[in-house]
Amino acid sequence: MKFDVLIVGGGPAGLSAALILGRCHRKALLCDEGHQRNLSSHAIHGLLGREGRSPSVFVDEARQELSLYKSISLRGTRVTDIIPSGDEFKFVCADGTTGLTSKVLLATGLVDELPELAGIEPLYGVSVHHCLYCDGFEYAGKPVAAFGKGDKGAELAIMMKHWMADVVACCDGTEVSTKAKRKLKEHDIPLRLEPIESLEGTNGELAKIVFRSGPDLPRAGLFFSTGCDQASDLSKRLGCKRDAKGGVVKDPDTEEASVRGVYVAGDVSRDVLLVAVAIAEGAQAAVAINKGLLRRDGYCE
Ligand SMILES: Cc1cc2nc3c(=O)[nH]c(=O)nc-3n(C[C@H](O)[C@H](O)[C@H](O)COP(=O)(O)OP(=O)(O)OC[C@H]3O[C@@H](n4cnc5c(N)ncnc54)[C@H](O)[C@@H]3O)c2cc1C
């Protein structure tokens, strides 16, 4: 099968690109493995017009909207290889699908490193979070904890003070510098130095943090500062340049990555990591791709 565009990833960025490409009558295949980054969360916050929508409902509705566009095909599979071939790319998927495409859009997203804390899994996305812009607002007036090794937890705790009054920094038995300790004091933030034994709660709601020694700490929420990695190594294997943060670099004029014909959108560029931005970047990449194809076919300069 031959396509104008292969879209790798069906989160907000890939879905948004598919919508614009469908409206441009472009023949596009969207392949998605289905591990959107926010699926463990109950609600998308900060998305104008869709505030509080559940991430899985958002994806279902977007897919439904795309069904109006007959030139767009969706497949629930992982793209395992993309090989440049002249002006085109050959691609291979885990379900055996293969084909040729003129352009590639990588909207493959990131994966988060969860702190290694016993009991975190059922709480993650509900009362344990990493993004203050996404979930900070809901914790005003509630007791919360900032988790991070060394000075990272202290820095996070200080920033959190803007969102919520009752913050305790937890460094899980790691060293915190004298400077960071002084700053915590200045902002009236207690520091718990002891290693954490576990997080306890029910129905996704954190109730308390249990330490290996010392009293338990009742908390309604915990924010952490760890890190995240690219969800796919396709950009690396294609030879796309990455910046110091590990984001795939794109040309602001053409929206292309450093490999001609390859575009990126959403978290993969590690810019602002929000659904609204991923949607915008998907649309922007789709317009750039369509312009490239119009130019190729002599419809514009
Ligand atoms: C717990 C949590 C809560 C969040 N809450 C909010 C919030 O409230 N508001 C907000 O604005 N943002 C929130 N975010 C951030 C938001 O989830 C991301 O910014 C957004 O999902 C980025 O969209 P994306 O399309 O770039 O990537 P994703 O949504 O991660 O989608 C990428 C898709 O590509 C697929 N994929 C990867 N590699 C391949 C491959 N080789 N082949 C096929 N498919 C592949 C993945 O499986 C995934 O389905 C949250 C994030 C987390 C972790």
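This is a walk through a predicted model of a protein chain with a ligand, starting with the domains and ending at the ligand.

Let's begin with the overall layout. The protein chain splits into two parts: domain 1, made of 2–112 + 227–296, and domain 2, spanning 115–224. Measured out over C-alpha atoms, the centres of domain 1 and domain 2 are 34 Å apart. Where they meet, domain 1 puts seven residues into the contact and domain 2 puts in eight residues. The size of an interface is often expressed as the accessible area that is lost when the parts come together. Here, about 690 Å² is buried between domain 1 and domain 2, and carbon and sulfur atoms supply 52% of that area.

Now to the ligand. It is surrounded by 37 residues, and the closest of them are Asp32, His35, His45, Val79 and Val275. Both domains take part: domain 1 and domain 2 each give at least three residues to the shell around the ligand. Sorted by class, this shell holds 15 nonpolar, 16 polar and six charged residues.

A few polar partners are worth finding on your screen. Aspartate 32 has a side-chain N or O atom 2.7 Å from an oxygen atom of the ligand. Backbone atoms join in too: a polar one of arginine 37 is 3.0 Å from a ligand oxygen atom, and a polar one of glycine 34 is 3.5 Å from a ligand oxygen atom. Of the 1,000 Å² of accessible area that the ligand has on its own, the protein covers 99%. The elements giving two or more residues to the shell around the ligand are α1 (12–23) and α7 (275–296).

Terms used:
Residues are numbered from 1 along each chain as its sequence is written. This is a predicted model: local features need pLDDT of at least 70, side-chain atom pairs count only at pLDDT 80 or more; totals for chains, interfaces and linings use all residues. Side-chain values use heavy atoms; hydrogens and water are left out. A residue is near a molecule or strand if one of its heavy atoms lies within 4 Å of it. A polar contact is a pair of N or O atoms within 3.5 Å; within protein, one must be able to donate a hydrogen and the other to accept it, and residues adjacent in sequence count only if both atoms are side-chain atoms. Accessible areas come from the Shrake-Rupley method with a 1.4 Å probe; for residues, only the protein chains shown count as cover. Helices (H or I, at least four residues) and strands (E, at least two) are DSSP runs, numbered from the N terminus. Ala, Val, Leu, Ile, Met, Phe, Trp, Tyr, Cys and Pro count as nonpolar, Asp, Glu, Lys and Arg as charged, and the others, Gly among them, as polar. Domain bounds come from an automatic or database domain assignment. Contact means heavy atoms within 4.5 Å. Buried area is the accessible area (1.4 Å probe) that two parts lose on being put together, summed over both.
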